[in-house]
Amino acid sequence: MSKLQKKRFFRVSLGWQIIIGLILGIILGQVFYHNKGAIQVMQNIGTMFISLIQMIVLPIVISCLTVGIANMGDIKKLGRIGAKTLIYFEVMTTLAIIIGIIVANVTHPGTYINVHDLQSSDISQYTASAKTAQHDGIWSVLMSIIPTNIFSAMGKGDMLPVIFFSVMFGLGTAAIGKQGEIITQFLDATANVMFKVTNWVMRVAPIGVCALIGVTVGEMGFEALKPLGLFIVIAYATMAFFVFVVMAIVGKIFHVKFFELFRIIENEVVLAFTTASSEAALPKMIDKMQKYGATKGIVSFVIPTGYTFNLDGSAIYQSLAALFLAQAYNINLSLGQQITLVVVLMLTSKGMAGVPGASFVVLLATVSTIGVPMQGLTFIAGIDRLVDMGRTAVNVVGNSLATIIIAKSENEFDEKESKKYVASYTRGD
């Protein structure tokens with residue numbers, strides 16, 4: 001066996017490195033349970049990793065989306081793609097909400113607990129966001145799409161106004177013809193540079209994952225999970241069903257090889273799961289979906305938009321949690337009330353998509369409509385981070401599937417390129 005073959009044999013893929021980081025983080029979290037000094041150190045390391053990711057996200061989105069739209073150069077085509085994308089997102093998230101409600105009705109997880117035995121957590125960080133978002137609703141989102149200052153929007157990390165500006169800038173670049181070529185060349189080079197930086201950042205992902213998981217376990221411990229263990233298991237089982245059954249069926253309907261796609265993005269799914277951050281996976285997702293065969297314009301439009309409007313995992317959690325709390329308080333909801341809950345979740349989830357801790361904020365604004373006391377949310381706040389890991393992973397899978405479906409519907413998917421990439425793909429990529 002040659003030295004090169006030995007090196008490849010002993011190579012540990014990024015996915016396994018992240019899983020090892022996850023296991024070490026759990027061990028460190030348990031060892032330093034409630035040790036404020038150690039938890040603070042791990043929190044700082046985790047925050048630094050997330051900051052590295054956030055540093056590269058917007059440059060990639062702006063450069064890829066602008067170049068993609070400029071190459072597309074057709075506002076009618078863009079409008080058609082946008083309409084298809086938003087309709088698809090709405091159908092999938094509504095389906096996720098309905099499945100969550102059906103599972104809650106079948107399993108009745110809330111009837112097996114006594115709310116008086118649960119430990120409450122502080123939710124004050126979410127209540128202010130919930131009041132603001134509930135008051136403004138969907139209009140707040142629509143008005144925030146148009147930036148008054150693009151640099152301010154970039155500084156805040158507001159994705160929707162950045163997407164809007166990039167689309168307009170791309171269309172403007174296409175409109176000036178040859179003069180715009182220097183812009184597309186520059187931004188194309190910028191995207192390639194940022195993808196190279198992404199590969200460097202991913203090398204420290206296992207360390208960031210270890211720190212972030214260590215903080216979660218160190219603050220919460222395993223004892224806090226026992227009373228809500230059934231709810232956590234049901235939530236994860238429902239999300240797994242949605243991914244491997246519902247999404248697989250949807251993929252088959254649109255002629256997408258779902259399990260092949262899942263294998264391509266498995267490292268990014270693990271990264272999103274362990275960090276509970278969709279942004280952590282976004283740069284590599286954009287890169288891989290292009291290599292997999294979708295055009296730059298489709299990828300750079302659908303994936304960032306999906307992080308605001310296509311939150312399937314969050315939709316499942318919100319519907320499950322709402323009925324779980326209602327059952328825990330012995331509130332029997334009629335069919336009409338549950339249909340109302342579906343409609344309310346459809347609206348509130350879109351109206352608060354850009355709010356920090358959005359899934360929990362949606363619950364705050366929703367449970368009052370079904371008579372659940374606000375205090376009930378303090379009992380599940382402690383496990384929100386743990387469930388957030390699962391719903392983030394589902395969101396990432398959903399957005400990758402949406403990208404390929406939209407690309408195929410527009411004949412913007414290169415089958416030959418896809419087969420070539422799959423053939424050359426290894427778990428260490």
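In the predicted model, helices α10 and α11 cross in a right-handed manner. The contact is formed by Tyr-236, Val-243, Phe-244, Met-247 and Ala-248 on the α10 side, and by Phe-258, Phe-259, Phe-262 and Phe-273 on the α11 side. Helix α10 covers residues 229-253 and helix α11 residues 258-275; the angle between the two is about 150°, and their axes are 12 Å apart. Angles over 145 degrees count as roughly antiparallel, and α10 and α11 are therefore roughly antiparallel to each other.

Helix α11 also packs against helix α2 (residues 14-31), the two axes coming within 9 Å and crossing at roughly 20°. This angle makes α2 roughly parallel to α11. The crossing of α2 past α11 is left-handed. From α2, the residues Leu-14, Gly-15, Ile-18, Ile-19 and Leu-22 take part, and they meet Asn-267, Val-270, Leu-271, Phe-273 and Thr-274 of α11. Phe-273 is thus listed in the contact of α11 with α10 and in the contact of α11 with α2.

A further helix pair consists of α12 (residues 278-292) and α18 (residues 384-409), which pack at an angle of about 25° with axes 11 Å apart. Since angles under 35 degrees count as roughly parallel, α12 and α18 are roughly parallel to each other. Their crossing is right-handed. Helix α12 contributes Ser-278, Ala-281, Met-285, Met-289 and Tyr-292 to the contact, while α18 contributes Thr-392, Asn-395, Val-396, Ser-400, Thr-403 and Ile-404.

The largest nonpolar core comprises 127 residues, and the members with the most contacts inside it are Phe-242, Met-247, Ile-286, Ile-380 and Leu-401. Phe-242 touches Met-247, along with Met-92, Leu-95, Ala-96, Ile-99, Asp-312, Ile-316 and Val-394, when residues up to four places away in sequence are not counted. Met-247 is also among the α10 residues that make the contact with α11.

Ile-380, another of these core residues, lies in helix α17, which covers residues 376-380. Its relative accessible area is 0%, so Ile-380 is buried. Leaving aside neighbours within four places in sequence, Ile-380 is in contact with Leu-228, Tyr-317, Ala-321, Phe-324, Leu-325, Phe-360 and Leu-363. The contact with Leu-228 joins positions that are 152 residues apart in sequence, with a C-alpha to C-alpha separation of 7.9 Å in space.

Lys-296 is located in helix α13 (residues 296-309). With a relative accessible area of 19%, Lys-296 falls under the 20% cut-off and is therefore classed as buried. The residues touched by Lys-296 are Cys-64, Val-67, Gly-68, Asp-188 and Gln-290, not counting those up to four places away in sequence.

Helix α7 contains 17 residues (159-175). At 1.5 Å a residue, a span of 24 Å is expected, and the end C-alpha atoms are 24 Å apart, so the two values agree. The buried residues of α7 are Met-159, Leu-160, Pro-161, Val-162, Ile-163, Ser-166, Val-167, Gly-170, Leu-171 and Thr-173. The helix is followed by Gly-177, which has a positive phi, near 65°.

Key
Residues numbered from 1 in each chain as written. Predicted model: local features only at pLDDT ≥ 70, side-chain atom pairs only at ≥ 80, totals over all residues. Heavy atoms only, no water. Helix = DSSP H or I, 4+ residues; strand = E, 2+ residues; numbered from the N terminus. Buried < 20%, exposed > 50% of the residue type's maximum accessible area, 1.4 Å probe, protein only. Contact = heavy atoms within 4.5 Å. Expected span 1.5 Å × (residues − 1). Core = buried A, V, L, I, M, F, W, Y, C linked by side-chain atoms within 4.5 Å. Axes fitted to C-alpha atoms, helices over the stretch in contact; angles between N-to-C directions. Parallel < 35°, antiparallel > 145°, perpendicular 65-115°, else oblique. Left-handed = near helix turned anticlockwise from the far one by under 90°.
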